[in-house]
Amino acid sequence: PAIARPVIKGLGSNRIVLAQDGILSNDLSSTSPDHAVSIEPYSAERIEILRGPQTVLYTSSISGGVINVAKNESFINKQTSDQYSAGLFLNSANLGRQANISALVPTGDFSFWTIAGFNQTEEVRSPIGILDNTSSDNKVLSVGTAYNIIDLSVAGYFETFNLDYGVPGGFLGSHPNGADIEIQKNDYNLRLDYHLHYDFLDNIEMLFQRSYYHHTEFESNGAIAAQFVNRM
C-alpha cells in the first residue's frame with residue numbers, strides 16, 4: 001500500500017517521469033515495483049500531466065509523459081496576507097492516520113513558509129485476514145523563504161522526506177519472506193524568476209537543486225539486502 005506509481009495509457013515505470021515544482025524526483029521508484037515514490041501528494045497545490053512536446057523540458061526519452069506535482073509555487077510568488085491550512089484523515093482498512101499543516105507568513109518583500117505532515121498505517125485488513133508486513137511510516141517537512149520585488153522573485157527552500165514501509169512476501173518477483181525499506185531524501189532548492197516583458201522574451205526562470213537520496217532494504221532477518229545512494 002505504501003507503493004504506488006502512476007500509469008498513463010498503459011505506460012509506467014521509467015516511461016513516466018515524476019517531478020516536483022519542475023525539478024525531477026530523485027528516487028528509484030521507476031526501477032522496481034517495490035520502490036516507493038518520494039513525493040508526498042497531500043500538500044500539492046495542483047498536479048500537472050504533460051504529454052507531447054512539453055516533455056522535452058524534462059527529458060528527451062520519455063514516451064508516457066511527465067507528472068509534475070506543484071507544492072511551493074504559490075508561496076514563491078508575492079503574498080500580502082497570512083495563509084494557514086490543516087488536514088486530518090483516518091483510514092479503517094489499515095488503521096491509518098494522517099495529519100498535515102502548512103503556514104505562510106509574509107513580511108514586507110519577504111515571505112516565510114513551512115509544510116509538515118505525517119502518514120502512518122498499520123497492517124492491511126480484509127475479510128479473509130491481515131496482510132503481514134504492510135505497515136508504513138511517512139514524515140515530511142518543508143521550510144522556505146522568498147523575496148519578491150517588482151519583476152524579480154528569488155526563493156530558497158529545503159524539504160526532507162522519510163518513509164519506512166514493509167513489503168509482504170510470497171509474491172512473484174518480490175522478496176520471498178518480505179522486506180522492510182527505509183527511504184530518506186533531502187532536497188535543497190533555489191529558484192529565480194525574472195520578468196523582462198519583451199515580446200520575444202517575457203520571462204527567465206532558473207531552477208537549482210541539490211538532492212541526497214538514501215535507500216536501504218532489510219530482509220526479514222534484519223540483514224541489509226541492498227543499499228542505494230543517489231546524489232544530484
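Me: Why does Leu95 count as partly exposed?

Reply: Leu95 has a relative accessibility of 39%. Buried means under 20% relative accessible area, exposed means over 50%, and partly exposed is what lies in between (1.4 Å probe, protein chains only). Leu95 falls between the two cut-offs, so partly exposed is the right label.

Me: What kind of model is this, and how are residues numbered?

Reply: This is a predicted model, in which local features need pLDDT of at least 70 and side-chain atom pairs count only at pLDDT 80 or more, while totals for chains, interfaces and linings use all residues. Numbering starts from 1 along each chain as its sequence is written, and side-chain values use heavy atoms, with hydrogens and water left out.

Me: Where is Leu95 placed, and what is said of its phi?

Reply: Leu95 sits in the loop between β5 (83–91) and β6. Its phi is positive, about 50°, although Leu95 is not a glycine.

Me: What makes β5 and β6 strands?

Reply: Strands (E, at least two residues) and helices (H or I, at least four) are DSSP runs, numbered from the N terminus. By that rule the protein chain has one helix and 14 strands.

Me: Is Ile150 buried or exposed, and how do you know?

Reply: Exposed: the relative accessibility of Ile150 is 87%. Ile150 lies in the loop between β10 and β11. Ile150 also has a positive phi, about 45°, and is not a glycine.

Me: Is Ile181 buried or exposed, and how do you know?

Reply: Ile181 has a relative accessible area of 1%, so Ile181 is buried. It is found in strand β12. Ile181 and Pro168 are 13 residues apart along the chain, and their C-alpha atoms are separated by 11 Å. Across the protein chain, 39% of the 232 residues count as buried.

Me: What makes a set of grid points a pocket, and what makes it a cavity?

Reply: The test runs on a 1 Å grid over the protein atoms alone. In a cavity, a 1.4 Å probe fits but cannot get out. A pocket is an open set with protein on both sides within 12 Å along at least five of seven lines. Lining residues have an atom within 4 Å of a point. Grid points are joined across faces, edges and corners, and a volume is the space filled by probe spheres set on the points.

Me: How many cavities of 30 Å³ or more does that rule give?

Reply: One. The largest cavity holds about 80 Å³ of space. Its lining includes Gln20, Ile23, Tyr157 and Gln209. Strands β2 (23–24) and β12 each give two or more residues to this lining. The largest share, three residues, comes from β12.

Me: What makes a lining residue nonpolar, polar or charged?

Reply: Ala, Val, Leu, Ile, Met, Phe, Trp, Tyr, Cys and Pro count as nonpolar, Asp, Glu, Lys and Arg as charged, and the others, Gly among them, as polar. The lining of the largest cavity divides into three nonpolar, four polar and three charged residues.

Me: How does the lining of the largest pocket divide?

Reply: Into 17 nonpolar, nine polar and two charged residues. This pocket has a volume of about 580 Å³. Among its 28 lining residues, Ala2, Val37, Ile39, Glu40 and Pro41 lie nearest the centre. Strand β7 gives the most to the lining, with four residues.

Me: What is the volume of the second largest pocket?

Reply: About 260 Å³. It has 16 lining residues, and Val17, Leu18, Leu24, Ser25 and Ser30 are the closest to its centre. Its lining divides into six nonpolar, eight polar and two charged residues. Here β1 gives the most, with three residues.

Me: Which residues make the nonpolar surface patch of about 790 Å²?

Reply: Leu190, Tyr194, Tyr198, Phe200, Leu201, Ile204, Met206 and Phe208. Strand β13 (203–219) supplies at least two of them, as does β12 (179–195).

Me: What makes Tyr198 fit for a patch?

Reply: Patches take residues with over 30% relative accessible area and no salt bridge; like charges are joined within 9 Å, and nonpolar side chains (Val, Leu, Ile, Met, Phe, Trp, Tyr) within 5 Å. A salt bridge is a side-chain nitrogen of Lys or Arg within 4 Å of a carboxyl oxygen of Asp or Glu. Areas come from the Shrake-Rupley method with a 1.4 Å probe, and for residues only the protein chains shown count as cover. Tyr198 has 46% relative accessibility, so it passes the area cut-off. Its place is in the loop between β12 and β13.
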